[in-house]
Every structure is written in C-alpha cells, then in structure tokens.
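Hi there,

Here is the structure I promised to pass on. Have a look at it first, and then read on for what I found in it.

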Amino acid sequence: VIPSMRSLTAEEYVEAFKTFLDHSTEHQCMDEFNKEEMPNIMAGLGNGKSTINVLGVGSGTGEQDLKMIRILQAAHPGVLIDNEIVEPNPQHVAAYKELVNQTPDLQNVSFIWHQMTSSEYKQQVKEKGMHKKFDFIHMIQMLYRVEDIPNTIKFFHSCLDHHGKLLIIILSDSSGWASLWKKYRHCLPSTDSGHYITSNGITEVLKRLGLEYHVYEFPSGWDITECFIEGDPVGGRMLDFLTGTKNFLGTAPSGLQRQLQEALCQPECSSKRDGRIIFSNNLSMIVVES
C-alpha cells in the first residue's frame with residue numbers, strides 16, 4: 001500500500017529548507033543586495049533618532065536579520081537598535097536566539113521574539129490598541145504562507161514610522177517558480193498549502209494600495225541535479241521542498257513524478273550548466289516607502 005500524500009510538518013519543512021539553502025545561491029543573492037543597495041536604503045532610516053525600531057516578520061533562524069542589523073549599525077554608528085521578531089516556528093526561534101548568543105558586538109541591539117504568525121501578531125496589536133511604529137520592517141520570503149496578502153501588507157505598512165521602509169523579498173517573475181506555478185501547476189500535488197505568488201502579484205497589491213515602491217532584481221540559482229538521480233536522498237528532500245509534500249517520491253503517483261521532472265527541465269524553469277541542472281531562483285527585493 002502506497003502511503004497517501006501529505007504536507008510537510010514544521011520540522012520536516014526546516015529539514016527540506018536546509019537542503020534547498022545548501023544547494024542554492026539564495027543567501028549569496030541576498031548578500032549581493034545587502035552589499036549593493038542596502039547601505040543606501042539604511043542610511044535614510046531613523047531620521048536622527050537615538051533608537052531605530054526594526055521588525056522582522058517571518059525571520060526564520062535570523063541570519064539575514066543579523067546581516068541587516070550590521071549594515072544598520074554601520075550606517076548609524078552608536079544608535080540603539082530595537083529589534084522585534086515575529087516567527088511562528090519554535091525551532092527557528094530557538095536557532096535565532098542561539099545565533100544572537102554566539103554573535104559578538106550586538107551591545108546596542110535589543111531583541112524581542114514573538115513566537116506567532118503574522119496574523120496572530122496583527123490580532124495582538126489590535127487587541128492591545130497600541131500601535132508601535134517601526135523605522136524598518138522586512139518580510140523575507142514569507143508572504144507565500146499568509147492567508148490574506150493585501151491585508152497583511154496594508155497592516156505592516158501602517159506600522160511604519162515617517163520615513164520608514166518596508167522590505168519585501170519574494171520570488172521574481174523571471175524565476176522558474178513563476179513558470180512552475182503558472183504553467184505547470186497541474187504537476188504539483190494539492191497538498192501544498194501556500195500562495196503561488198511572485199513579485200508582480202505583490203506590486204499589483206502595492207499599486208492598488210497606492211503605495212510608492214522600488215523593485216530590485218537579483219539572479220539566483222538552485223542546483224536540482226539530484227532530483228533526477230533515482231534513489232538520491234538529497235534529491236528526494238529537494239522534491240519535498242519543491243512540492244511542500246512529505247516523501248513526494250514515495251507517495252506521489254509515478255505519472256505526477258514524471259510530469260514534475262519534465263516540467264523542471266523546461267527552459268523557462270531551469271538551464272544546464274556544466275552538466276548540472278540549475279533551477280532559476282531569481283529574487284525581487286521590493287522596497288516600499290512609508
């Protein structure tokens with residue numbers, strides 16, 4: 001009997017996501033953005049205040065957050081940074097706290113973690129009736145998992161202080177994911193509960209909300225060669241991440257597996273480089289003005 005298909009649990013997702021990070025240039029791509037564009041973006045924050053308030057929504061294990069805090073410290077030496085984090089995954093929160101403990105020179109930075117979803121945080125803010133204002137809010141690769149994208153963006157934008165900025169990092173429409181979700185959705189199992197949204201979907205929301213924004217595009221790749229090697233455990237975990245499904249290879253009908261592998265090889269999804277198959281993981285960094 002073939003076990004039935006099911007979505008990844010939070011723990012399984014962490015495992016699958018790690019495989020993705022190990023084989024993709026996702027973080028290098030963000031580093032590139034941090035180096036080229038972030039210092040300018042950060043320089044305009046805070047407007048001479050002695051404390052800069054930062055909010056990370058869906059911050060995961062915190063590596064990217066701390067990199068951005070470094071840039072903020074360099075742009076505003078001696079200023080206090082009040083950093084709040086909204087992250088539902090308990091494993092991620094624990095890893096983030098551990099990372100902070102191991103990181104020197106965070107003296108001027110305070111951390112508050114809210115282990116909850118963005119909608120729970122929104123609910124909490126409304127119940128308390130206090131609307132803390134932030135100079136910088138970032139939502140990195142997390143809007144796929146919220147129930148109501150327009151309202152989520154609208155709410156967090158309303159949490160910005162004057163001259164504040166909201167950074168949304170999301171998959172680009174030039175990425176393989178966009179083609180996979182638009183053109184080959186039938187190749188994906190129905191277990192994955194996520195929004196198939198890319199940067200154009202976000203900018204449409206921003207236009208409707210009448211917000212001013214700027215988009216930066218950065219190339220990124222994900223080596224998925226192992227997905228095509230039968231019985232390869234790494235390839236299996238990659239397919240689990242791609243489909244949001246636990247043990248996709250062990251539970252999906254063989255026809256669906258074949259369709260997905262064929263779709264992944266299409267030129268709009270991936271390219272061949274030195275005999276490897278590189279899936280396009282291009283990112284859009286969208287900076288929204290307050």
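Before the helices, one term: contact here means heavy atoms within 4.5 Å. Please also keep in mind that this is a predicted model.

**Two crossing helices**

With that cut-off, a set of residues in H1, namely Tyr13, Glu15, Ala16, Phe17, Thr19, Phe20 and His23, meets Val234, Arg237, Met238 and Phe241 in H10. Sorted by class, this contact of H1 with H10 has 7 nonpolar, 2 polar and 2 charged residues. In general, two packed helices are described by the angle between their axes and the distance between the axes. Here, helix H1 covers residues 10-23 and helix H10 covers residues 233-243; their axes come within 8 Å and cross at roughly 110°. Angles of 65 to 115 degrees count as roughly perpendicular, and H1 and H10 are therefore roughly perpendicular to each other.

**The annotated pair**

The next part may interest you at the bench. UniProt, in an unreviewed entry, lists Glu26 and Asn281 under "binding site". The two span 256 residues in sequence, yet their C-alpha atoms are no more than 7.3 Å apart, so they gather at one spot.

Glu26 is found in helix H2, which runs over residues 26-36. Asn281, in turn, sits in the loop between strand E9 (276-280) and strand E10 (283-289). Are these residues buried or exposed? Buried means under 20% relative accessible area, so Glu26, at 3%, counts as buried, and Asn281 is buried as well, with 1%.

Their side chains make a polar contact of 2.8 Å with each other. Leaving aside residues up to four places away in sequence, Glu26 touches Phe20, Leu21, Gln141, Ser220, Asn281 and Leu283. On the same basis, the residues touched by Asn281 include Phe20, Glu26, Ser220 and Trp222. Phe20 thus appears in the lists of Glu26 and Asn281, and Phe20 is also one of the H1 residues that meet H10.

**A buried serine**

One more residue to look at is Ser172, in the loop between strand E5 (160-171) and helix H8 (176-183). Its relative accessibility is 1%, so Ser172 counts as buried. Which side chain does Ser172 join in a polar contact? The partner is Glu217, at 2.8 Å. Again not counting residues up to four places away in sequence, Ser172 touches Ala178, Thr198, Ser199, Glu217, Asn282, Leu283 and Ser284. Leu283 is therefore touched by Ser172 and, as noted above, by Glu26 too.

Enjoy exploring, and best wishes!

Notes
Residues are numbered from 1 along each chain as its sequence is written. This is a predicted model: local features need pLDDT of at least 70, side-chain atom pairs count only at pLDDT 80 or more; totals for chains, interfaces and linings use all residues. Side-chain values use heavy atoms; hydrogens and water are left out. Helices (H or I, at least four residues) and strands (E, at least two) are DSSP runs, numbered from the N terminus. Buried means under 20% relative accessible area, exposed over 50%, partly exposed in between (1.4 Å probe, protein chains only). A polar contact is a pair of N or O atoms within 3.5 Å; within protein, one must be able to donate a hydrogen and the other to accept it, and residues adjacent in sequence count only if both atoms are side-chain atoms. UniProt positions are given in the numbering used here, feature names are shortened, and annotations may be inferred rather than shown by experiment. Axes are lines fitted to C-alpha atoms, for helices over the stretch in contact, and angles run from 0 to 180 degrees between N-to-C directions. Angles under 35 degrees count as roughly parallel, over 145 as roughly antiparallel, 65 to 115 as roughly perpendicular and the rest as oblique. Ala, Val, Leu, Ile, Met, Phe, Trp, Tyr, Cys and Pro count as nonpolar, Asp, Glu, Lys and Arg as charged, and the others, Gly among them, as polar.
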